[in-house]
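Thanks for coming, everyone. Let me put the structure up, and then we'll walk through it piece by piece.

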Amino acid sequence: IDPTLDLVEEINKLKKEKNAVLLAHYYQDSEIQDIADYIGDSLGLSQEAAKTDADVIVFAGVHFMAETAKILSPEKKVLLPDLKAGCSLSDSCPPHLFAKFKDRYPDHIVITYVNCTAELKALSDIVCTSSNAVQIVESLPPDQQIIFGPDKNLGDYVKRKTGRDLVLWNGACMVHELFSQERIQQLRERYPQAKFIAHPECEKELLDGADYIGSTSGLLKYTKENTADTFIVATESGIIHQMQKASPGKTFIPAPPNNACACNDCPYMKLNTLEKLYNCMKFELPEVDLPADVIARAKRPIERMLEISE
Ligand code: 13P
Ligand code: SF4
C-alpha cells in the first residue's frame, strides 16, 4: 500500500463507490470502530446485516460473524479483511462431534450461541447471543429439554438465571477465561467505589463477584447509566473505546488477566487492520461464502432468534 494514502479517506470513498456497509464489532481496534457505519454486539450486528440495502457487507469482526451475515443476506457479497480471524470458542465445537453429542439427546431442543460455525448453526433449532440467551431459553415451555453449546460459561450462567437444567457442551472463549480473580480483588480493594462488570463468557467464580453481567452492548449501556465514576471491565478491551467516548469523565480499568504476559485482546479480532480493510474493499477479497444447503439449514435457527428478540 502506498504509505502516503489516507486510508480512512480511501475506505470512505470505496464504501460509496461500491455501495458497501462497514459493520464492526466492539472488540475491533478503535480506528476501525471510528470509520464503521454500525458498531455493535453480535445481536445488533446480525440485525443490521439482515436489514441493510447495501450491495456489499464488509465485516470488521470474526469469521462466524461474517458467515451469519451471509446466511441472513445470501444475495450480498460479504467480505472479511482476514480469513484467519476465527474464534477459539467456535473452534472448541467441531460440528461432527457436536452431531454425535446431539444424537445422545433426541428429545432435546438445540440452542447454539452465535459464536460457532455455520455448520453448527445448521445443526441447531435456535441460535442465541449473549444479550438474548436468557430470553430465548425462557421462551421455551418449562418442560422442554435443552442442549446448549458451545459456551459452557454462558450456558452455566443461563442455567443459574433461568433455573433450567441445560445440557452443556464443554467449550469456552480463551479471552474470557484468562481473568485473574486475585488481581481483580486487589483492584477492587484499591478502588472500592468502582463497579466490577463482566461478560457472561467469564467463569462462574468471576461472575459471582460482579456488580453487573451483560453482553458488550449491555456493559456499555450500564456504564452510561450508572453513576459510578470507575469501572473494572472483564471483557475484551476494545469495548473500552466506546465506553470512554460515551462517558469521557469516567475511568475504565481493563480487568487484569492471570498471566502478566497476557492481555485482554482477542488475537482473532485484532487481526483486522485498516490496511487489510482497505485492501479487502478495493479488491473485494477475501469473500466469505457458504454452500447453499448450509445457508438454507442455518437460516431458520437465526431467524427464530431474531423473531424472539424483536
Ligand atoms: P457480544 O458482543 O454479543 O457480547 O459477544 C461477545 C463476543 O465474544 C463476540 O466474539
Ligand atoms: Fe471468540 Fe472469544 Fe475472540 Fe469473541 S473474544 S471472537 S468469543 S475468541
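One definition before we start: a residue counts as near a molecule if its C-beta atom, placed from the backbone, lies within 6 Å of that molecule. And keep in mind that this is a predicted model.

Start with ligand 2. Which residues surround ligand 2? Going along the chain, we meet Val62, Cys87, Ser88, Leu89 and Asn115, among others. Then come Cys173, Met174 and Val175. The list goes on with Glu236, Cys266, Tyr268 and Met269. By type, this shell has 9 nonpolar residues, 2 polar and 1 charged.

Now the domains. The domain assignment splits the protein chain into domain 1, domain 2 and domain 3. Domain 1 takes 7-86 plus 269-289. Domain 2 takes 89-173 plus 298-309. Domain 3 is 181-254. Between the centres of domain 1 and domain 2, taken over C-alpha atoms, there are 26 Å. Their contact uses 12 residues from domain 1 and 15 residues from domain 2. On the domain 1 side, helix 3 (42-51) and helix 4 each give two or more residues. That side divides into 5 nonpolar, 5 polar and 2 charged residues.

Next, a sheet. Four strands make an open sheet, in the order 6-5-7-8, with parallel pairing. Why is one side of strand 6 and of strand 8 left without a neighbour? Strand 6 (126-128) and strand 8 (167-168) stand at the edges with a single partner strand each, so one side of each stays free of a neighbour in the sheet. Look at strand 5, residues 109-113: 3 bridges join it to strand 6, and the two run parallel. Isoleucine 111 has its bridge partner in strand 6, namely isoleucine 126.

On to the core. The largest nonpolar core holds 83 residues. Which members touch the most others? They are Leu23, Val58, Phe59, Cys128 and Val233. Helix 4, residues 63-72, supplies the largest share of this core, 6 residues. Take leucine 23. Leaving out residues up to four places away in sequence, leucine 23 touches Ala36, Asp37, Tyr38, Leu45 and Glu48, among others. Ala49, Ile57, Phe59 and Ala60 are also on that list.

Last stop: helix 13, residues 239-246. Its buried residues are Ile239, Ile240, His241, Gln242 and Met243. What do they pack against? Two helices, helix 2 (30-33) and helix 12 (216-225). Also strand 2 (38-40), strand 11 (230-234) and strand 12 (251-254).

Technical notes:
Residues are numbered from 1 along each chain as its sequence is written. Chains are lettered from A and ligands numbered from 1 in the order in which they are written. This is a predicted model: local features need pLDDT of at least 70, side-chain atom pairs count only at pLDDT 80 or more; totals for chains, interfaces and linings use all residues. Ala, Val, Leu, Ile, Met, Phe, Trp, Tyr, Cys and Pro count as nonpolar, Asp, Glu, Lys and Arg as charged, and the others, Gly among them, as polar. Two strands pair if DSSP finds at least two bridges between them. A nonpolar core is a set of buried Ala, Val, Leu, Ile, Met, Phe, Trp, Tyr and Cys residues joined through C-beta atoms within 7 Å. A residue is buried if 20 or more other C-beta atoms lie within 10 Å of its own, exposed if 12 or fewer, and partly exposed in between; C-beta atoms are placed from the backbone. Two residues are in contact if their C-beta atoms, placed from the backbone, lie within 7 Å. Domain bounds come from an automatic or database domain assignment.
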